Amino acid sequence: MRPSDSIGTLAFAVAAAALLGSPAHAAEPIDGVKFTPILDARARVESVDQGGLEAEAVTFRLRGGAEAKAGRWSVLAEAEATLAAINDYNAFPFVTDDDQRRPQFAVISDPRNLELNRLQLQYKTPGFALTAGRQRINLDDQRWVGSVGWRQNEQTFDAVRAEGKAGGVTADLTYAISQRTIFGEEAGKRTAFRGDFLFAGLGAKLGPVDARVFSYVLDYGEDAVLANSSQTYGAIGSSAIPLGPKNKLALRASYARQSDHADNPFDYAADYWAFEGSTKLAGFALAAGWEKLGSDNGRAVQTPMATLHKFNGWADLFLSTPPAGLQDAYVSVGKTFASVPALPGLDAQIVFHQFDSARGDMEYGTEWDASIGFKRGKLGMLLKFANYDARDFGSDTRKLWLQAEWAY
């Protein structure tokens, strides 16, 4: 892979984004209706070396739309387009007749696409919001439901969502009939998965602990994903322990129980556990954690609606949990370099993962991840790398990204 061969293309995209970056403002209200434009652009070079296959992609993503507000009501419409200047990659990790299925290359899941990303109607007061239509949904840390913001094509949902807050109690309830996937309009049946999906959460502050209970009931209506029909019930809590006048130890823990539901052909019930502690020391951000996706009767805990790139390594080896489950022990070190005026907000991070099975005695492998980036005005730059060393699962994988992003 030669990511350097694509730097010129990326530089052109950065210049285009900068030209777009002249300040824009919401239009003056017309007859009590306020219009706000929505615009963001992203250019990315991605190179992959995995299991004897290579891939290189240069992709551009543009989202545009507008929101109109009148009192407590608003209407939002947004389109999304992804183009590929260099397409030496397999956009679809499943069989399809589309010409973007190129099995001679490694997978990069950013197909060319043009779609309606969001179209929603919302009613909102200070303590309540009701949103109906195609919408972005990010719940908690996105471990169970998220928008998959890392990929060029966003995941959205055709849903009705109600959010409320009274005193220190929050409630969130969503009913969705369609999961609009990251694979876009050319993915055939995998463009969207229909079904009956219920997300519910209730949160409160209990002394020093922020606690939340949740449930995710997924009833898929299509044969290809019936195995992802499940019911998950759990809780998440976070707190902080003071370590001095200017520092603290942040703690987070989560537990859930998942079992088969509806027409899932598997019969299983497995546990999910997650623990993390983080603090700052001598200007460095330190974190360590452990996550377990359990397994039962040959089926492991699955999170098919999550923002999966946030979890279990940036190389994306564990987008589906292996049948024997997964344990992920990780540590991370990060630092923000505030003293570099030419690169405001320069931030670097290194993460190490040890992956093992939840059942049996398999050592899946290890992974090193690293990133460095900064943001200047509305333009952000990011360089990112992932290196997975396979043992009992998958194959050695190297991924490199160079990205420019601009958002209004």
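**Four residues and a surface patch in a predicted model**

Val-217 has its place in strand E9, which covers residues 209-220; strands (E, at least two residues) and helices (H or I, at least four) are DSSP runs, numbered from the N terminus. This is a predicted model, in which local features need pLDDT of at least 70 and side-chain atom pairs count only at pLDDT 80 or more, while totals for chains, interfaces and linings use all residues. Residues are numbered from 1 along each chain as its sequence is written, and side-chain values use heavy atoms, with hydrogens and water left out.

**Val-217 and its surroundings**

- Val-217 is buried, because its relative accessible area is 16%, and the term buried stands for under 20%, exposed for over 50% and partly exposed for what lies in between (1.4 Å probe, protein chains only).
- Leaving aside residues up to four places away in sequence, Val-217 touches Asp-196, Phe-197, Leu-198, Ser-230, Gln-231, Tyr-233 and His-261, where contact means heavy atoms within 4.5 Å.
- Between Val-217 and Gly-127, which are 90 residues apart in sequence, the distance in space is 26 Å from C-alpha to C-alpha.

**Leu-198 and the nonpolar patch**

- Leu-198, one of the residues that Val-217 touches, lies in strand E8 (residues 192-206) and is partly exposed, with a relative accessible area of 35%.
- Together with Leu-173, Tyr-175 and Ile-177, Leu-198 forms a nonpolar patch on the surface, with about 340 Å² of accessible area in total; such areas come from the Shrake-Rupley method with a 1.4 Å probe, and for residues only the protein chains shown count as cover.
- Patches are made of residues with over 30% relative accessible area and no salt bridge, joining like charges within 9 Å and nonpolar side chains (Val, Leu, Ile, Met, Phe, Trp, Tyr) within 5 Å, and a salt bridge is a side-chain nitrogen of Lys or Arg within 4 Å of a carboxyl oxygen of Asp or Glu.
- Strand E7 (residues 169-180) gives the most to this nonpolar patch, with three residues.

**Glu-78 in strand E3**

- Glu-78 lies in strand E3 (residues 73-88), and Glu-78 is buried, with a relative accessible area of 2%.
- Not counting residues up to four places away in sequence, Glu-78 touches several residues, among them Ile-38, Arg-63, Leu-116, Asn-117, Arg-136 and Glu-154.

**Ala-329 in strand E16**

- Ala-329 is found in strand E16 (residues 326-337) and counts as partly exposed, at 34% relative accessibility.
- The C-alpha atoms of Ala-329 and Phe-275 are separated by 9.7 Å, although these residues are 54 residues apart along the chain.
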